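Work through the exercises below with the sequence and the coordinates at hand. Each task is followed by a stepwise solution.

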Amino acid sequence: MPPSAPECFQGGSLRRRTVNTDPLILAPENYAPALDVIGVKVTVLAENDPAHGYGITLQRGEEGAGPPPHSHAWDESFFVLEGKVECQVGDRTAIGLPGTLVHVPAGTLHAFRFGAGGGRMLEITGPGSRAAQMFASVAKQVSPGTPDVPRVVGILREHGVNVAI
């Protein structure tokens with residue numbers, strides 16, 4: 001391991017982390033199929049893991065789709081590509097139009113809703129994120145339509161997400 005490898009806490013102890021230096025080029029025809037996560041179509045572009053440190057998803061939703069207020073132990077950012085997205089971060093609410101970047105520090109209560117006509121945005125998650133795994137679990141275990149809210153909350157908690165409902 002190179003001496004300049006960054007240090008991080010994993011499993012309660014300080015360890016050196018190697019950085020993946022392989023480039024990632026992902027053309028649209030090679031995207032994984034979008035996951036249906038309670039009305040939001042989530043395409044995982046890059047999964048968070050110890051070698052990469054962050055994850056990237058493309059999210060598309062119809063008007064009104066989006067998660068309830070929640071928090072988790074990783075940073076998360078959203079970049080609005082199309083449409084309007086109402087973002088709640090802590091006690092602030094803003095309407096994100098194309099080109100808007102919203103950064104949510106770890107532990108901050110937040111939510112979003114796609115506005116009239118729906119929208120698309122990129123989600124970038126920081127180190128320690130379990131978002132991609134959570135999206136896959138919800139898509140696999142919860143049928144689209146009217147969700148079983150206690151089941152969804154349980155899945156989110158299993159992946160480190162605290163829901164404020």
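**Exercise 1. Overall make-up**

How many helices and how many strands does the protein chain have?

Solution. The coordinates are those of a predicted model.
- Step 1: counting elements gives two helices and 11 strands.
- Step 2: read from the N terminus on, the elements run β-β-β-β-β-β-β-β-β-β-α-α-β.
- Step 3: the chain has 165 residues, and buried residues make up 35% of them.
- Step 4: take the contacts between residues at least 6 apart in sequence; 62% of these join residues at least 24 apart.

**Exercise 2. The largest pocket**

Find the volume of the largest pocket, and describe its lining.

Solution.
- Step 1: the space in the largest pocket comes to about 520 Å³.
- Step 2: its lining has 29 residues, and those nearest the centre are Ile-38, Gly-66, Pro-67, Pro-68 and Leu-156.
- Step 3: several elements give two or more residues to this lining, including strand S7 (76-89), strand S10 (110-125), helix H1 (131-141) and helix H2 (149-158).
- Step 4: by class, the lining residues split into 22 nonpolar, four polar and three charged.

**Exercise 3. Ile-38**

Which sign does the phi of Ile-38 have, and where is Ile-38 placed?

Solution.
- Step 1: most residues other than glycine have a negative phi.
- Step 2: Ile-38 is not a glycine, yet has a positive phi of about 50°.
- Step 3: Ile-38 sits in the loop between strand S3 (35-37) and S4.
- Step 4: the relative accessibility of Ile-38 is 32%, so Ile-38 counts as partly exposed, the class between 20% and 50%.

**Exercise 4. Thr-57 and the largest cavity**

Is Thr-57 buried or exposed, and with which side chains does the side chain of Thr-57 make polar contacts?

Solution.
- Step 1: Thr-57 belongs to strand S5 (residues 55-61).
- Step 2: buried means under 20% relative accessible area; Thr-57 has 3% relative accessibility and therefore counts as buried.
- Step 3: a polar contact of 3.2 Å links the side chain of Thr-57 to that of Gln-59, and another of 2.7 Å links the side chains of Thr-57 and Glu-123.
- Step 4: leaving out residues up to four places away in sequence, Thr-57 touches Val-42, Thr-43, Val-44, Leu-45, Met-121, Leu-122, Glu-123 and Phe-135.
- Step 5: Thr-57 and Glu-123 are also among the residues that line the largest cavity, whose space is about 50 Å³.
- Step 6: the lining of the largest cavity divides into four nonpolar, six polar and two charged residues.

**Exercise 5. Aromatic rings and the second largest cavity**

How many aromatic pairs does a search of the whole structure find, and what is the geometry of the Phe-112 and Phe-114 pair?

Solution.
- Step 1: the search finds two aromatic pairs.
- Step 2: the ring centres of Phe-112 and Phe-114 are 5.5 Å apart and the planes meet at 80°, so this pair is edge-to-face, a class for planes over 60 degrees apart.
- Step 3: Phe-112 is buried at a relative accessible area of 6%, and Phe-114 is buried at 2%.
- Step 4: Phe-78, Phe-112 and Phe-114 form one aromatic cluster.
- Step 5: Phe-78 and Phe-112 are among the residues lining the second largest cavity, which holds about 30 Å³ of space.
- Step 6: S7 gives the largest share of that lining, four residues.
- Step 7: the lining of the second largest cavity has seven nonpolar residues, two polar and no charged.

Technical notes
Residues numbered from 1 in each chain as written. Predicted model: local features only at pLDDT ≥ 70, side-chain atom pairs only at ≥ 80, totals over all residues. Heavy atoms only, no water. 1 Å grid on protein atoms, 1.4 Å probe; cavity = no way out; pocket = protein on both sides within 12 Å on 5 of 7 lines; lining within 4 Å. Points joined across faces, edges and corners; volume = space filled by probe spheres on them. Nonpolar A, V, L, I, M, F, W, Y, C, P; charged D, E, K, R; others polar. Buried < 20%, exposed > 50% of the residue type's maximum accessible area, 1.4 Å probe, protein only. Polar contact = N/O pair within 3.5 Å; in protein donor to acceptor, adjacent residues only side chain to side chain. Contact = heavy atoms within 4.5 Å. Phe/Tyr/Trp six-rings, centres within 6.5 Å; stacked < 30°, edge-to-face > 60°.
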